[in-house]
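Dear colleague,

I am handing over the structure that I have been working through, and below it I have set out what was found. Please read the notes with the structure open beside them.

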Amino acid sequence: MIEVTVPLQEGREYPVLVGPDARKELESYLPEEAQRVAIITQQNIGVDLQLETTNEIFLISDGEEAKNLNTIESLCSSFSRWGLTRGDCIVSLGGGVVTDVAGFAAASYHRGVPVIHIPTSLLGQIDASIGGKTGVNLPEGKNLVGAFWQPTAVLCDTSTLETLPEREMMSGYGEMAKYHFLGSGDLEGLELDEKIAKCIEIKAQVVASDEREAGIRAVLNYGHTLGHALETVEQYDLRHGEAIAIGLIFAAELAYKLGRIDKNRVEEHRSVVSHYGLSCNLPKGIEPDAIIEVMKRDKKAIDGLTFVLDGPSGVEVVAGIETSIVKEILNHMDQN
Ligand code: NAD
């Protein structure tokens, strides 16, 4: 079992346990005063949790549609009827949808209840459960309502990944590929739990220096500007990580065009993305103008088109990039 400590501001911190059966350690991470544990999960997660402390399972629906304020209201009403108090504990058991919803329910119910995440998707383990961002969607857009609410602990049980559908695993690998360029060094030779722990360490370091997302945390969005745009223009049927993988290749080509990195570094991006079995190519029939329009609306856009780009001093936010260059690269990238 690998333990990573996530440092927070004001000397606070929380532990992340990574390895097979990590969920079985839950009892020892519960706050001492907790009398009841509310477990939030989904029907098809199918992971058992054995707890001596009084507990109850609260099911939410599957998919991005379940991440809404109605789900939060219904959970909070159920907690209230069950008698959950601020001294108790909420546990999330599921992918990023469950950890985001459970985290926000924990942040809001009785103005804040401790939460422990047990992420069961690769994306949940290396990304969604770490860093304290919680929230739900509005009809107007994704993740528009939420709170920063740090967990008491995170248990990344790698055994739970055995039942994760292959496409969801690939989606997690897209995020993992990103970490190769954020200072993890070469992850390729490592075991899966070591890779996961390394990604968590990097996210933890970045989050520690920018807990409320004022600046440097934006580097975690490496590959995401194009990735999000590809996801938004839904016709391409891409999972999040598949879109991010293509976004990484695009960002490398753009950085090369701007003279920020050399051809070898671009090839390194292709080699890492391919290592995870992900495609480096744009979806067939892509329309650069439509994609550029969506990227202009990106909430991180400050001045013209803004991207997170690799360069001599590492990955950083670069604003004011001309549309014509972006279009040229999109036109030159291979399509599936
Ligand atoms: P998800 O939670 O929808 O899970 C994908 C699918 O896999 C679901 O059908 C789920 O039920 C199923 N599943 C999960 N674990 C399983 C298991 N062990 N066995 C069988 N099935 C399992 O999707 P995701 O990719 O895990 O997370 C995506 C969400 O995470 C998005 O809503 C995104 O906004 C959010 N997110 C949040 C942060 C953050 O910092 N808070 C970061 C990244 C992503």
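**Empty space inside the protein**

The structure holds one cavity of 30 Å³ or more, and please keep in mind throughout that the model is a predicted one. The volume of the largest cavity comes to about 50 Å³. To find its walls, look for N221, Y222, G223, H224, T225 and L226, then for G247, F250 and A251, and lastly for F307 and V308, which together line the largest cavity. At least two of these lining residues come from each of helix 7 (224-232), helix 8 and strand 10 (305-309). By class, the lining of the largest cavity has six nonpolar and five polar residues, with no charged residue in it.

**The second largest pocket**

Helix 8, which spans 240-257, also gives at least two residues to the lining of the second largest pocket, as do helix 9 (263-275) and helix 11 (323-332). The space in the second largest pocket is about 160 Å³. Its lining is made up of E253, Y256, K257, K263, R270, E328, I329, H332, M333 and D334. Here the classes are six charged, three nonpolar and one polar, whereas the lining of the largest cavity has no charged residues.

**The ligand and its surroundings**

There are 25 residues around the ligand, and those that come nearest are Q42, E64, T120, S121 and T163. S121 places a polar side-chain atom 2.6 Å from an oxygen atom of the ligand. In the side chain of D100, an N or O atom is 2.9 Å from a nitrogen atom of the ligand, while for K133 a polar backbone atom lies 2.9 Å from a nitrogen atom of the ligand. The ligand taken alone exposes 860 Å², and 89% of that is buried by the protein. Two or more residues of the shell around the ligand are given by each of helix 3 (96-108), helix 4 (122-128) and strand 8 (141-148). Sorted by class, that shell has ten charged, nine polar and six nonpolar residues.

**The two domains**

For an overall view of the chain, it may help to know that the domain assignment gives domain 1 as residues 2-164 and domain 2 as residues 216-332. The centres of domain 1 and domain 2, taken over C-alpha atoms, are separated by 31 Å.

With best wishes

Note on methods: Residues numbered from 1 in each chain as written. Predicted model: local features only at pLDDT ≥ 70, side-chain atom pairs only at ≥ 80, totals over all residues. Heavy atoms only, no water. 1 Å grid on protein atoms, 1.4 Å probe; cavity = no way out; pocket = protein on both sides within 12 Å on 5 of 7 lines; lining within 4 Å. Points joined across faces, edges and corners; volume = space filled by probe spheres on them. Helix = DSSP H or I, 4+ residues; strand = E, 2+ residues; numbered from the N terminus. Nonpolar A, V, L, I, M, F, W, Y, C, P; charged D, E, K, R; others polar. Near = heavy atom within 4 Å. Polar contact = N/O pair within 3.5 Å; in protein donor to acceptor, adjacent residues only side chain to side chain. Areas by Shrake-Rupley, 256 points an atom, 1.4 Å probe, with all protein chains shown as cover. Domains from an automatic or database assignment.
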